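Biologist: I am new to this structure and should be grateful for a close look at one part of it. Please begin with how its elements are assigned, and then follow that part through its surroundings.

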Amino acid sequence: MGEVIDEEKSSPWMERRQPAITPPPLQLHCPSMARSPLIDSVPKTPKSPFPARLMTPLASPMKKAIASVQGYLEEVGHFTKLDPQDAWLPITESRNGNAYYSAFHTLSSGIGFQALVLPLAFTSLGWTWGIACLSLAFIWQLYTLWLLIQLHESESGIRYSRYLRLSMAAFGERLGKLLSLFPIMYLSGGSCVTLIMFGGGTMQLFFQIACGEVCTVKHLSLVEWYLIFACSAIILAQLPNLNSIAGVSLIGAVTAVCYCTLIWVVSVIQGRPTEVYYKTPEEESEPAGVFMVFNALGIIAFAFRGHNLVLEIQGTMPSSREHPSRLPMWKGVKFAYLIIAMCLFPLAIGGYWVYGNLIRTNEGVLTAWYKYHRHDTSKVLLGLACLLVVINSLSSFQIYAMPVFDNLEFKLYTSKRNGPCPRWVRSGIRVFFGFFAFFVAIALPFLPSLAGLIGGIALPITLAYPCLMWILIKKPKQYSPFWWLNWVLGISGLVLSVMVVTGAIWSLVTSGIEANFFKPK
């Protein structure tokens, strides 16, 4: 499509019939959406009523002009089937992204509070299996990330700029929604709720460090710190689209790299506490050890998040046949994950070496650092680490909330009014979501205890579905090495999801859950 066909040999008085040029279809990306009324309104190019032998020499310049326009369309969008509503929604409103923006967004979403609990996985797996599982998970998720980037643009020209649409294209409309809708919304909205909890709690810790033990200033409650964080996030959320928060993502990426490096470097320099110890699952009873390993695998898998945002980030880039969007996207992702590996591996290994099994459940290396080294560490360093964590949490909130904003605008306005959201409607939607996330944070303060259970259900988004979607869409040769690789990884991802959910249920049954509604601690 879009290629110029060479003329066949003919006599000087004969001219080859000009093939009809059909305008690019204006149908929507999503297979589930109705056919656009614009399709029927676009007239088709009529066939010439004159025989080819009666065409005058003027046909040749006309053919060149048509071929020129055809080549221009190919260069700009290679007849990409554009969804008219994409220009109205915040994810695809701007398509001037590049490899730098890709790296910024990927770093901001790929490093966060989930990295701080990686040493907890080593308390169950030990040194050898911990490093092996972390390395395998890193390679596995990087491969599925590459698959998603390749699947972003189909051979027919459709761009899947949202994970849900790709899932519906691969599995069918009904099954695709069933498999992906809840996990995607949890990974976006649930992450925002968790960021309010984590960011607000870290703000409180920063205040305690800065104020000191003899401070006479009235201390705010944890709910008030949640409110301060939520209001700050809502103010930042007024930036219109995904490309406009590239600077925010850059700040989030820099702060994440800084606090990860600061925490493990200072912890290693300060040395191990005298009461540190290391215990492996072999020392536990057999059932308990197995379920602890399941939980540890879940912690490692959750550390590599952001696959639900990959297609959205790539959707902000321009694309043509000569310069497809997958090239700058993959370039930015490779750089980002090189930095991510340089942060996560030292943090996990160094954190476990320093604190061992002193790291408790639902606690991270930042909490352990403050608990065991606050007396022999400068307050400036402790306060700086907390401040960097807060800034990173505010930045991460923006990119994780963007799919929710996009979905709410589509459901509440653009699909019904067939036009872009006014500024006041867009702002109202974002204020509503910010305060709704704040309400959930204070109403369900035990939500992090359910993260393993709900996260296990969302795990296939990262490790399983990309492999299965590649098989269904690309249709590689049956029984080829690539066919076997994707089937094995896809089924293994589903099995791992079941194992993580099982381990989370066992943990809830044995340790219980304190359902303290509206009483955050």
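Modeller: Helices (H or I, at least four residues) and strands (E, at least two) are DSSP runs, numbered from the N terminus. The model is a predicted one, in which local features need pLDDT of at least 70 and side-chain atom pairs count only at pLDDT 80 or more, while totals for chains, interfaces and linings use all residues. Residues are numbered from 1 along each chain as its sequence is written, and side-chain values use heavy atoms, with hydrogens and water left out.

Helix α11, residues 326-355, contains K331. This lysine is exposed because its relative accessibility is 57% (exposed means over 50% relative accessible area, buried under 20%, partly exposed in between, with a 1.4 Å probe and protein chains only). The C-alpha atoms of K331 and A99 lie 6.2 Å apart, although 232 residues separate the two in sequence.

The part chosen for the close look is helix α4 with its surroundings. The largest nonpolar core of the model has 124 residues (such a core is a set of buried Ala, Val, Leu, Ile, Met, Phe, Trp, Tyr and Cys residues joined through side-chain atoms within 4.5 Å). Helix α4, which runs over residues 118-151, gives the most to this core, with 16 residues. I196, I300 and M469 have the most contacts inside the core. Leaving aside residues up to four places away in sequence, M469 touches L148, L151, Y163, L166, S167, A170, F171 and K474, where contact means heavy atoms within 4.5 Å.

A partner of α4 is helix α10, residues 307-314. The two helices pack at an angle of about 35° with their axes 10 Å apart (axes are lines fitted to C-alpha atoms, for helices over the stretch in contact, and angles run from 0 to 180 degrees between N-to-C directions). On the side of α4, the contact involves Q141, T144, L145, L148 and I149, and these meet H307, V310, L311 and Q314 of α10. The residues of this contact comprise five nonpolar, four polar and no charged. Here Ala, Val, Leu, Ile, Met, Phe, Trp, Tyr, Cys and Pro count as nonpolar, Asp, Glu, Lys and Arg as charged, and the others, Gly among them, as polar. Helix α10 is mostly covered, since eight of its eight residues are buried.

In the loop between α4 and α5 (163-171) is R162. R162 counts as buried because its relative accessibility is 8%. With residues up to four places away in sequence not counted, R162 touches D86, L89, I91, T92, L311, E312 and D406; L311 and E312 are among the buried residues of α10.

Helix α18, residues 481-511, also borders α4: its buried residues pack against α4, α9 (286-303), α15 (451-458), α16 (460-463) and α17 (465-474). Those buried residues include W483, L489, L496, V500 and A504. The end C-alpha atoms of α18 are 44 Å apart, which agrees with the 45 Å that its 31 residues should span at 1.5 Å a residue, the expected span being 1.5 Å times one less than the number of residues. Just after α18, G512 takes a positive phi of about 80°.

In the loop between α17 and α18, K475 has a phi near 50°, a positive value in a residue other than glycine. K475 counts as exposed because its relative accessibility is 62%.
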